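Biologist: I'd like a close look at one part of this protein, the second largest pocket, and then how the rest of the chain sits around that part. Could you talk me through it in plain words?

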Amino acid sequence: MPRRALAAAVVALVLPLSACGSGGDDSGSTDASGKVEGDITFQTWNLRANFKPYFEGLVADFEKKYPGTNVKWVDQPAEGYADKISADAAGGTLPDVVNVSPDLVAPLAKAGLALDLDKAAAKYRKEYLPGAWASHEIPGMEGTYAFPWYLNTGPLFYNKSLFEEAGLDASKPPKTYDELFDDAMELADKSDGEVATLANVPTIEDFGRYGVELMNKEGTAFAFNDAKGVQLLSKYKELYDHKALDSQALTATPESSGKKFLTGAVAMNPGSALDLGRFKQEAPNLYKNIGITDQITSTGKVNMYVMGVMVNARTKQKPAAVAFAHFVTDAQNQMSFAKKVAIFPSTAGSLDDPYFTKEDGTDETRVRIAAAGSLKNAVNYTPVLFSEQMKTELRNSVAKALQGKVSPKEALDNAVKACDRLLQQQG
């Protein structure tokens with residue numbers, strides 16, 4: 001699968017499903033002990049086209065390990081995946097084991113359709129990175145509702161020569177937001193506004209990495225309009241006014257930001273091994289001066305995107321469904337999948353494998369090692385209840401603040417109000 005398509009799947013934040021319920025696993029027992037046997041269905045999300053042999057092998061290995069089991073593998077297209085799950089949930093036809101992202105788990109857990117793994121599979125918890133396991137917890141509910149599967153993250157690229165020209169130490173790129181803001185002002189001043197440091201406005205992940213409390217503990221209201229949130233947005237407004245944030249940041253796309261970085265108009269930008277290859281061909285000078293560093297974070301923890309494997313709480317074959325969901329996501333099978341595509345395992349210890357630590361001179365490995373190093377204590381900052389519409393509300397409010405139409409405080413108050421209203425509609 002091309003990185004771009006996979007990334008789209010990994011970061012997909014789709015509209016919340018309509019199924020709402022009393023919450024918790026109301027199908028009866030969360031007991032998954034007993035003989036692993038019977039027929040189960042496993043559903044993936046847009047993976048058949050590129051990984052058919054891998055999943056067929058996975059199913060065959062499981063059936064060999066547990067004679068008497070039969071796994072039917074189905075794959076759904078990326079387009080309309082959330083709607084398909086919603087329809088299956090409403091119609092009682094949800095597969096036994098389902099590939100989900102955290103935002104898809106939330107409504108299913110609330111409707112009592114996602115098995116609580118803290119009860120049904122607690123013995124496996126220690127096999128996974130703590131941040132990955134926690135990513136399928138739902139605010140306001142006890143429990144964890146999917147096994148963590150593959151992770152993704154990306155390091156930041158920076159242009160060393162632009163830092164040096166501004167009199168900054170290119171071997172010490174900014175790590176925290178405060179360092180970033182200081183360096184960005186310096187770069188803008190020394191270049192007379194010709195060089196911006198960033199090409200993107202702050203997203204919910206930025207607020208998370210800055211240390212802002214995004215939601216209340218009960219999961220009933222958003223909280224990113226607190227003093228710290230306002231401080232972050234005020235700093236971005238300062239950058240915008242000083243041309244330290246690109247003037248077209250309000251309408252930026254990953255492609256347009258990448259172009260600005262390529263031409264030396266922007267000093268820092270997220271990227272992948274594919275981008276490095278492009279720089280080598282199209283901008284050899286930039287390629288020679290490229291630095292790779294972690295995402296900016298003031299919490300000491302970077303952001304991860306995570307995919308999960310959920311067990312239908314109403315499956316008639318609980319032991320087999322839990323055993324298979326664990327099998328798909330165990331260290332050996334995750335490692336084997338990670339070597340087929342540019343993703344990272346969520347299992348503890350896997351990121352210490354030489355595949356993620358040993359340089360071999362290739363750009364792909366260089367980026368993989370940089371990203372893997374930051375994932376061990378990474379967290380999924382995007383609240384599981386934060387929908388695509390909410391993302392748009394935040395983006396629009398941020399734009400108004402940067403343009404000076406409203407104050408940063410007013411902008412975030414408006415965004416929180418709009419997001420809380422959408423949250424209530426989720427049921």
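**The second largest pocket and its surroundings**

Modeller: Sure, let's start at the wall. In this predicted model, helix 6, residues 130–134, gives the largest share of the lining of the second largest pocket, with 3 residues. The whole lining comes to 27 residues. Nearest the centre of the pocket you'll find Ala134, Glu137, Pro139, Glu213 and Asn380. As for chemistry, the lining splits into 13 nonpolar, 9 polar and 5 charged residues. The space inside is about 740 Å³. If you wonder how such a space is found at all, rolling a probe the size of a water molecule over the atoms shows where empty space is left.

Now take Ser135, which sits in the loop between helix 6 and strand 4. Is Ser135 buried or exposed? Ser135 counts as buried because its relative accessibility is 6%, and the cut-off for buried is under 20%. Leaving out residues up to four places away in sequence, Ser135 touches Pro102, Val306, Asn380 and Val384. You've met one of those already: Asn380 is among the residues nearest the centre of the pocket.

Pro130 belongs to the run of helix 6, residues 130–134, and it gives us a handy yardstick to another place in the chain. Ala325 is 195 residues away from Pro130 in sequence, and the two C-alpha atoms are 18 Å apart in space. Ala325 itself is in helix 14. With 0% relative accessibility, Ala325 counts as buried. Its contacts, not counting residues up to four places away in sequence, are Val97, Phe147, Val309 and Val311.

Helix 14 (318–328) also helps to cover the buried residues of helix 15, and so do helix 2 (48–65) and strand 4 (147–152), among others. Which residues of helix 15 are buried? In that helix, residues 331–338, they are Asn333, Gln334, Met335, Phe337 and Ala338. For reading a list like that, a bit of background helps: an α-helix has 3.6 residues a turn, so residues three or four places apart point the same way.

Past helix 15 comes Lys340, in the loop that leads on to helix 16 (363–375). Setting aside neighbours within four places in sequence, Lys340 is in contact with Phe51 and Tyr54. For a sense of distance, Lys340 and Thr93 are 247 residues apart in sequence, with 31 Å between their C-alpha atoms.

Next, a look at Asn46, which is placed in the loop between strand 1 (38–45) and helix 2. Asn46 has a positive phi, near 60 degrees, and is not a glycine. Most residues other than glycine have a negative phi. Asn46 counts as partly exposed because its relative accessible area is 26%. Its C-alpha atom is 9.8 Å from that of Asn99, 53 residues apart along the chain.

Asp192 is another residue with a positive phi, about 55 degrees, and it isn't a glycine either. You'll find Asp192 in the loop between helix 8 (177–190) and helix 9 (204–210). At 67% relative accessibility, Asp192 counts as exposed.

Lys417, in helix 18 (residues 408–425), is exposed too, with a relative accessibility of 56%. Between the C-alpha atoms of Lys417 and Val379 there are 25 Å, with their positions 38 residues apart along the chain.

Finally, let's step back to the whole chain. The chain has 18 helices and 8 strands. Its C-alpha trace spans about 70 × 50 × 35 Å along the principal axes. Why does the radius of gyration agree with a compact globule? A compact globule of 427 residues would have a radius of gyration near 22 Å, and the chain has 22 Å, so the two agree. Of the 427 residues, 56% are buried. Among contacts with a separation of 6 or more, 77% join residues 24 or more positions apart. On the outside, the chain exposes about 18,000 Å², and carbon and sulfur atoms supply 50% of that area.

Technical notes
Residues numbered from 1 in each chain as written. Predicted model: local features only at pLDDT ≥ 70, side-chain atom pairs only at ≥ 80, totals over all residues. Heavy atoms only, no water. 1 Å grid on protein atoms, 1.4 Å probe; cavity = no way out; pocket = protein on both sides within 12 Å on 5 of 7 lines; lining within 4 Å. Points joined across faces, edges and corners; volume = space filled by probe spheres on them. Helix = DSSP H or I, 4+ residues; strand = E, 2+ residues; numbered from the N terminus. Nonpolar A, V, L, I, M, F, W, Y, C, P; charged D, E, K, R; others polar. Rg over C-alpha atoms; globule rule 2.2 N^0.38 Å. Buried < 20%, exposed > 50% of the residue type's maximum accessible area, 1.4 Å probe, protein only. Contact = heavy atoms within 4.5 Å. Areas by Shrake-Rupley, 256 points an atom, 1.4 Å probe, with all protein chains shown as cover.
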